[in-house]
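Colleague: Mind if I grill you on some of the labels you put on this one? I'd like to hear the value and the cut-off each time.

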Amino acid sequence: MIVNISLCGTNGANVRQRKSPSRGGLRRAGCVAGLALAFLMSTVGAAAGAGESATVSMTLQRVAEGVYFVQGENAMGSALNQGFVSNAGVVIGDGGVLVVDALGTPALARRLIEEIAKITPQPIRYVVVTHYHADHIYGLQAFKAVGATIVGHVGARDYLSSDTARLRLQASRDELFPWIDETTRVVEPDRWLERDGTLSLGSTSVQVRHVGPAHTPEDLAVVLPDRGVVFAGDLVFRGRIPFVGGADSRRWIASLETLIAQRPTVVVPGHGTLTTDVARDLVLTRDYLAYLRETMGRAARELEPFEEAYAKVDWSRFENVPLFRLVNRMNAYNTYLLMEAQAGK
Ligand SMILES: [Zn+2]
């Protein structure tokens, strides 16, 4: 393990504080001792995180015949939950297995691979990446290692070559160490989709539809028409406030409306429990996005400063939804900037 000298800087101090049970003591111990401890902990961490499976609870839940998913916690990723904060889907055919999203760490992915092996001897042929956000992709290398073909949409190309992707991985190595470490990498698709496609698992065919740009430019949904199942990725968040980021929320709402109109029997979201009552359960994401656009759009048009506008908005419908306090302000601010840019056109 190479200890970077920058561990003596502010960032390194933060990293060590996060990992140390005795924060104050470590701060006083100085840089040399800190480096020694960082080395020790990273060595321990490498044994616990980089090569082993995750130890969090993970259960394959049945969605339909031959269709399952695992559900991450409705929380931000942390060393405690080992980064298990998103869902992944599993479709088992007579010609192999398809996985929807790769989970947020290689260890979680290895754990999912073990769980799949308990219920089928079929090999994992494909992983469809619904979008290239950190919590869904850092497990990809584990699926590559067992021979899976990674499928993604061309809309992810700009992100994959961006500084944002590189910096996100660096930050995750700090935040989710040892589950994300220097051996973790971003894996690009082997097969780039430009439009909707169909993947075959023997007699089972799986539709992959481009439903972005919405949450991200590259959003893909995985659809099993004969079983009425849709894996919607982060088009749908259940049981928590969505992460908006740089999303095009107008198109996101339109994609949700399309999905609701198709009346699938079961929708598995990127976060939260599955739903069999699509009309009722998909509205949280849609209504939240619409409310952000309405309130922040009005503020942007009237040239009202963000802070004043934000303080005035009645958030009572959403403030008890998990993660509201962590992400709502950022979501509102991103929407304010989006609406400001659109108002200027
Ligand atoms: Zn997500």
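**Labels and cut-offs**

Modeller: Start with the packing: the buried residues of α10 pack against β11 (229–237), α8 (249–261), α11 (306–312) and α12 (324–343). Contact here means C-beta atoms, placed from the backbone, within 7 Å of each other. Bear in mind that this is a predicted model, where local features need pLDDT of at least 70, side-chain atom pairs count only at pLDDT 80 or more, and totals for chains, interfaces and linings use all residues. Residues are numbered from 1 along each chain as its sequence is written.

Colleague: What makes residues 283–301 helix α10?

Modeller: Helices are DSSP runs of H or I with at least four residues, strands are runs of E with at least two, and both are numbered from the N terminus. α10 has 19 residues, so it passes that minimum. Its span fits too: the expected value is 1.5 Å times one less than the number of residues, which gives 27 Å, and first C-alpha to last reaches 26 Å.

Colleague: Which residues of α10 are buried?

Modeller: Among them are Leu284, Tyr288, Leu292 and Met296. Buried means 20 or more other C-beta atoms within 10 Å of the residue's own, exposed means 12 or fewer, and partly exposed is in between, with C-beta atoms placed from the backbone. As a rule, an α-helix has 3.6 residues a turn, so residues three or four places apart point the same way.

Colleague: Why is arginine 325 called exposed?

Modeller: Arginine 325 has 9 other C-beta atoms within 10 Å, so exposed is the right label. Arginine 325 sits in helix α12, and its C-alpha is 9.2 Å from that of isoleucine 241, 84 residues apart in sequence.

Colleague: What makes the phi of leucine 303 worth a flag?

Modeller: Its sign: phi is near 55 degrees, positive in a residue other than glycine. Most residues other than glycine have a negative phi, and most peptide bonds are trans. Leucine 303 follows α10, in the loop between α10 and α11. Leucine 303 counts as exposed because it has 8 C-beta neighbours inside 10 Å.

Colleague: And how do you know that arginine 263 counts as exposed?

Modeller: There are 9 C-beta neighbours inside 10 Å, so arginine 263 gets that label. Arginine 263 lies in the loop between α8 and β12 (266–271), and has a positive phi of about 50 degrees.

Colleague: Which peptide bond at proline 178 is cis?

Modeller: The one from phenylalanine 177, with omega near 5 degrees. Glycine 212 and proline 213 are also joined by a cis bond, with omega about -5 degrees.

Definitions and conventions
Two residues are in contact if their C-beta atoms, placed from the backbone, lie within 7 Å.
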